[in-house]
Amino acid sequence: MAKGVELAQCSELVDRLSSLPDDILIDNILPLFPIKEAARTSILSRRWRFLWPRVPFLDLDFDASKMVAACPLLDRDSRREFFRYGSRAASDYVDWVNRVVLFHSRRSNSLRLFRIRFLLDESFSQDIDSWLMLSLEKGVEVLELDSCRRLLKERYRPCRFPSIQPRLFPKLNLLKSLSLAGVSIKNDSLEHLLLGCEFLERLHLCCLKPLTAVNVTGPVSRLQYIDLSHCLCVRSIMLSAPTPDLVSFTYSDWANPHVHVELAPRLVDLFIASNFDLFAHPLSRYVAQLQTLHLHIEYWSLAQGDLHRFPNLSGLKHLKLSLAWLNYGLSLEREDLRGLTSLIKAAPSVQHLTLVMFLRVIEIVGWRGHEMECKLAVHLIKCVTSLEKLIIDCRAPLLLGSIIDEYGFAKEKIGEVRRNALELKQALSSKVKLVVI
């Protein structure tokens, strides 16, 4: 009797959900599910059969971790062959995208987000062209294309970004976020593309070739976030148009491009790579108003002469220092650690500081067990009296997210590096938790 009551209650609940208006189911409930899960709702009943294709939030995001977990090929070489560009896995992925896009295009007139992320080379350029053209036709607001180029080291010919058809150019005004990674695009093509993105709020460019210049010349008054990373050929970044709403600027690379920013009065978040001279370009006038500053210092000697020149950073809340010099076997002297004193004094209000006292969590990424790393870790442990957790991440920063290998060395070496990290436990108090990844 009790079981029958439970079934009746469940049936009533299902009926209530199905009785909701289409707009609520399509705009508020189905978008909460991944695209595959949303598609499976079509088998619930005739009422649900054609609802999911009308969801204006198509997200085709390849989850590398799930794919690897389901892959029976466990050794690195076999994985590399299985996921190589132009492989069967890539063909299957493209076929799946084509089926979903075709089904969606016949039943929906709008699209908010379109994301492609898989190891795709130029052999799939025609498919990618059709996907991007369709997404623009549907008025997409968030467009992301990532061929995962940085996850594999072998050379290949990347997929090219298509030329925008004149009839679709007005649709670029609807774009709010654009992310391109691992694709081939030329200077004039990118400039022409950005010229039509008048209401763009986010721009992310990563691993683009043969791109040598990023020119933003058109009206982009709503642009808030710019992130340029691993674009090795870029020698010029020109924001000729005023960007009054720009709050975050990131350029992470070893090159030293010419940078021009016309106007950025609201800038509060800045990432500077090693050879990026903060004091010699227009962004220097906004340093005093920063809340977040990330410095990637390749060689310690490059930073010594600049630290004393920092202006007042009283508004700074988060300071992150990436000290790549540790990986080059350079000697660590007591004066090197004291060299940060002037920077710390310039930022008295900082709440999250990597190399200073009063921290609760210290995370060291890219640990290799070098003597310099051990000395630095022990020094921090002694200085940071409020430490609660020490995280030692042995994965290589540039390989994070790779479907092939995140560490960059053999399994035997991984075990050795982890054991080396665990030896830091001897320098920790019983109250500090040590986490080794």
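Buried residues account for 46% of the 437 residues in the protein chain. Keep in mind that this is a predicted model. The chain carries 13 helices and 16 strands. If you take the contacts between residues at least 6 apart in sequence, 62% of them join residues at least 24 apart. As for the outside, about 22,600 Å² of the protein chain is exposed, and carbon and sulfur atoms supply 53% of that area.

**A helix pair: α6 and α7**

Let's start with two helices. Two packed helices are described by the angle between their axes and the distance between the axes. Here, helix α6 covers residues 88–105 and helix α7 covers residues 125–137. Their axes come within 11 Å and cross at roughly 30°. That crossing makes α6 roughly parallel to α7, because angles under 35 degrees count as roughly parallel. The crossing of the two is left-handed.

Which residues in α6 meet α7? On the α6 side they are V94, V97, N98, V101 and S105. On the α7 side, D127, W131 and L134 take part. Sorted by class, the contact of α6 with α7 has five nonpolar, two polar and one charged residues.

**F50 in its loop**

Next up is F50, which sits in the loop between α3 (35–40) and α4 (64–70). Is F50 buried or exposed? F50 is partly exposed, since its relative accessible area is 40%, and partly exposed means between the 20% limit for buried and the 50% limit for exposed. If you leave aside neighbours within four places in sequence, F50 is in contact with F103 and R107. F50 and R107 are 57 residues apart along the chain, yet their C-alpha atoms are separated by 8.1 Å.

**Two loops among the strands**

Now for the strands. One loop runs between β4 (202–206) and β5 (213–216), and P210 lies in it. C207 is in the loop between β4 and β5 too. The other loop is the one between β6 (225–229) and β7 (236–239), where L232 is found. H230 also lies in the loop between β6 and β7.

What separates the C-alpha atoms of L232 and K209? The gap is 8.2 Å, with their positions 23 residues apart along the chain. K209 is also one half of a backbone oddity: a cis peptide bond joins K209 and P210, with omega at about 0°.

For background, most residues other than glycine have a negative phi, and most peptide bonds are trans. Against that, C207 has a positive phi of about 55° although it is not a glycine. H230, not a glycine either, has a positive phi of about 60°.

How accessible are the residues picked out above? Here they are side by side:

| Residue | Relative accessible area | Class |
|---|---|---|
| C207 | 11% | buried |
| H230 | 31% | partly exposed |
| F50 | 40% | partly exposed |
| L232 | 48% | partly exposed |

So C207, with its positive phi, is buried at 11% because that value falls under the 20% cut-off. H230, by contrast, counts as partly exposed at 31%, and L232 in the loop between β6 and β7 is partly exposed as well, at 48%.

Key: Residues are numbered from 1 along each chain as its sequence is written. This is a predicted model: local features need pLDDT of at least 70, side-chain atom pairs count only at pLDDT 80 or more; totals for chains, interfaces and linings use all residues. Side-chain values use heavy atoms; hydrogens and water are left out. Axes are lines fitted to C-alpha atoms, for helices over the stretch in contact, and angles run from 0 to 180 degrees between N-to-C directions. Helices (H or I, at least four residues) and strands (E, at least two) are DSSP runs, numbered from the N terminus. Angles under 35 degrees count as roughly parallel, over 145 as roughly antiparallel, 65 to 115 as roughly perpendicular and the rest as oblique. A crossing is left-handed if the near helix is turned anticlockwise from the far one by less than a right angle, and right-handed if clockwise. Contact means heavy atoms within 4.5 Å. Ala, Val, Leu, Ile, Met, Phe, Trp, Tyr, Cys and Pro count as nonpolar, Asp, Glu, Lys and Arg as charged, and the others, Gly among them, as polar. Buried means under 20% relative accessible area, exposed over 50%, partly exposed in between (1.4 Å probe, protein chains only). Accessible areas come from the Shrake-Rupley method with a 1.4 Å probe; for residues, only the protein chains shown count as cover.
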